[in-house]
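Please find below my comments on this model, set out as numbered points and kept to what can be computed from the coordinates.

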Amino acid sequence: GYNVQFGVSEGTIEQSGKTNEEGVVEITYTSGNIPGDVDLFIYIGSMMFEQTLSLFQYYPSNIVLSTENSFIWVKETGQIEQTDVTAQLLGATGDLVSDPYTVTFTIIQGPNGGEVLETPSGHKGQSVTIGSGNGIAATRLLSGTRAGAVLVRADITDFPQIGAQSSRVVIRSGPPYMWVSPTDPDSVIQHGTIVVEPGKLNVAFGNPTQEIGVTAYFGDKYNNPVETGTVAYFTTTGGFVSTDAATCELGRTNVVLQNVNPFPVLHSNDPNQITVSSFPNPNGHGEVMDIWIPDFEGGLIPNTLGTTQENDGIATVIVTTNGQNQFGEDIKVWTMGHVVFSVGIHTFNVWTDRTVLAPGQAANIYIEIWDMNGNPVAAGSQLMVSSDEGKITFSDLMPTAESYGWGSTFFTTQLVNTLDPAEDEPTTATVEIELKSPNGDRFRSFGINLTL
């Protein structure tokens, strides 16, 4: 074998050795007590080779990852939007390693709303690489627009075999949000919704007293559900309603409305009664809200304001909560919904456009129904049309309570002359219209001549 000579700038090393049959020589080097770079010299004949070794005082064996804040908020809410994430590199004795290493921080899980990591130099990304000093490396987590949990992982780049730790940071949703026109506080774009229990958008007033589920939803400016425990405040222009309730993790809160007095009217002689014509805009500095109320019968019934464009008997439920507008200013975020409190029947009209039908011809049958305030009869009512001759095209004119909505005041169907000239004789068809309703029952009938 060849004789190979060795030298070293620090520490001790065997001075020579011979290569084996494979051309390999093995010697022992013992480091000194001073960390840093060491030059290793190898001599083969007249040739010299140099290799640099790095001596460390402690090798890292573990990473402890910590965060300044365990939760932050989505961006642009005026709340904390960032948190420092710190990796401590520990040696076998549990002490911080003093030698420099490179640490890579990576977001391994998040709501994908634009959350990023940031280096001290300002570079942003889902993964950043940072040098450690005195056993510590740090990055910063910046929130995005979505709420949810973020997991950050740290790896020592030079020692990938060392298990990394992950740290969980919760990005919380922002406050309830609503865009408000700078010139008109009634002009808003809402991130809140109110929903009335199916089948109870139109109930007979106090007949019987009902508990009507009312649900409100609120979101922040990025469409995240607001935080659990956000308190919403309810009021109504008719009946009783629970005054306040807190949201769940879905941004949802539920209360109960009862169809009792005070009866909802547009104007009241009692100055203490809440009406839509006197309800102040929560953000209007005393201005009255411009609240739309339906006019179901087409302006035929006068209301308590002395006009015919809107109807009494419609309870407006308004829910408010504390939130922000598009400028980050504190406002009252609100939304509203309507429930009809229908009463006794005022109008039940039936007519047809033809009284004589030849074979194959049809007569249109028209029906008008509304209560004393011009509103539809209550959900759960049934309106049936039948005839002893010919064919009624649609006989059941009112949907089920769950599909009823507010209801309607105008209905139409047809009677078709189905007589066969070869077999039948001219006759008079008796058309019957029957209403069964919590508002009261009504019945009408009339005849239509069927010819051949």
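1. Asn112 sits in the loop that runs between strand 10 (102-109) and strand 11 (116-118), and its phi is near 60 degrees, a positive value in a residue other than glycine. Because its relative accessibility is 61%, above the 50% cut-off, Asn112 counts as exposed. The model is a predicted one, and this backbone value should be read with that in mind.

2. Glu76 is another residue that is not a glycine and has a positive phi, of about 60 degrees. Glu76 is found in the loop between strand 8 (71-73) and strand 9 (82-90). With a relative accessible area of 48%, Glu76 falls between the limits of 20% and 50% and is therefore partly exposed.

3. The peptide bond that leads from Asn261 to Pro262 is cis, with omega near 10 degrees. Pro262 belongs to the loop between strand 25 and strand 26, and Phe279 lies in the loop between strand 25 and strand 26 as well. Is Phe279 buried or exposed? Its relative accessible area is 12%, which is under 20%, so Phe279 is buried. The C-alpha atoms of Phe279 and Thr237 are separated by 8.9 Å, although the two residues are 42 residues apart along the chain.

4. Thr237 also appears in the lining of the largest cavity, together with Pro264, Val265, Leu266, Val276, Ile293, Asn311, Asp312, Gly313 and Ile314. A search of the whole structure finds 1 cavity of 30 Å³ or more, and the space inside the largest cavity comes to about 30 Å³. Sorted by class, its lining consists of 6 nonpolar, 3 polar and 1 charged residues.

5. The largest pocket holds about 170 Å³ of space. Its lining is made up of 14 residues, of which Val180, Ser181, Pro182, Pro185 and Asn283 are the closest to the centre of the pocket. By class, the lining of the largest pocket divides into 5 nonpolar, 7 polar and 2 charged residues.

6. In soluble globular proteins, nonpolar side chains tend to be buried together. Here the largest nonpolar core has 38 residues, and those with the most contacts inside it are Phe234, Leu257, Ile291 and Phe341. Which strands each supply at least two residues of this core? They are strand 17 (178-180), strand 19 (192-196), strand 21 (211-218), strand 22 (231-236), strand 25 (252-258), strand 26 (314-324) and strand 27 (330-342). Strand 27 provides the largest share of the core, with 7 residues.

7. The structure holds 7 aromatic pairs. One of them is formed by Tyr366 and Phe410, whose ring centres are 6.1 Å apart and whose planes meet at 25 degrees; this angle is under 30 degrees, so the pair is stacked. The pair links distant parts of the chain, since Tyr366 is in strand 30 (residues 362-371) and Phe410 is in strand 33 (residues 410-416), with their positions 44 residues apart in the numbering. Phe410 itself is partly exposed, its relative accessible area being 41%.

8. Two further arrangements involve aromatic rings. Phe205, Phe263 and Phe341 form one aromatic cluster, and Phe341 is also among the residues with the most contacts inside the largest nonpolar core. Elsewhere, the charged end of Arg172 sits over the ring of Phe71, at 4.4 Å from the centre of that ring.

9. Pro208 is placed in the loop between strand 20 (202-204) and strand 21. Is Pro208 buried or exposed? Its relative accessibility is 54%, which is over 50%, and Pro208 therefore counts as exposed. Computed along the sequence, so to speak, Pro208 and Val260 are 52 residues apart, while their C-alpha atoms are 9.4 Å apart in space.

10. The last point concerns a pair of residues from distant positions in the numbering. Thr428 lies in strand 34 (residues 427-436) and is partly exposed, with a relative accessible area of 40%. From Thr428 to Glu10 there are 418 residues in sequence, and the distance between their C-alpha atoms is 122 Å.

Methods:
Residues are numbered from 1 along each chain as its sequence is written. This is a predicted model: local features need pLDDT of at least 70, side-chain atom pairs count only at pLDDT 80 or more; totals for chains, interfaces and linings use all residues. Side-chain values use heavy atoms; hydrogens and water are left out. On a 1 Å grid over the protein atoms alone, a cavity is a set of points where a 1.4 Å probe fits but cannot get out, and a pocket is an open set with protein on both sides within 12 Å along at least five of seven lines; lining residues have an atom within 4 Å of a point. Grid points are joined across faces, edges and corners, and a volume is the space filled by probe spheres set on the points. Ala, Val, Leu, Ile, Met, Phe, Trp, Tyr, Cys and Pro count as nonpolar, Asp, Glu, Lys and Arg as charged, and the others, Gly among them, as polar. A nonpolar core is a set of buried Ala, Val, Leu, Ile, Met, Phe, Trp, Tyr and Cys residues joined through side-chain atoms within 4.5 Å. Buried means under 20% relative accessible area, exposed over 50%, partly exposed in between (1.4 Å probe, protein chains only). Helices (H or I, at least four residues) and strands (E, at least two) are DSSP runs, numbered from the N terminus. Rings of Phe, Tyr and Trp (its six-membered ring) pair if their centres lie within 6.5 Å; planes under 30 degrees apart count as stacked, over 60 as edge-to-face and the rest as tilted. A charge sits over a ring if NZ of Lys or CZ of Arg is within 6 Å of the ring centre and within 35 degrees of the ring normal.
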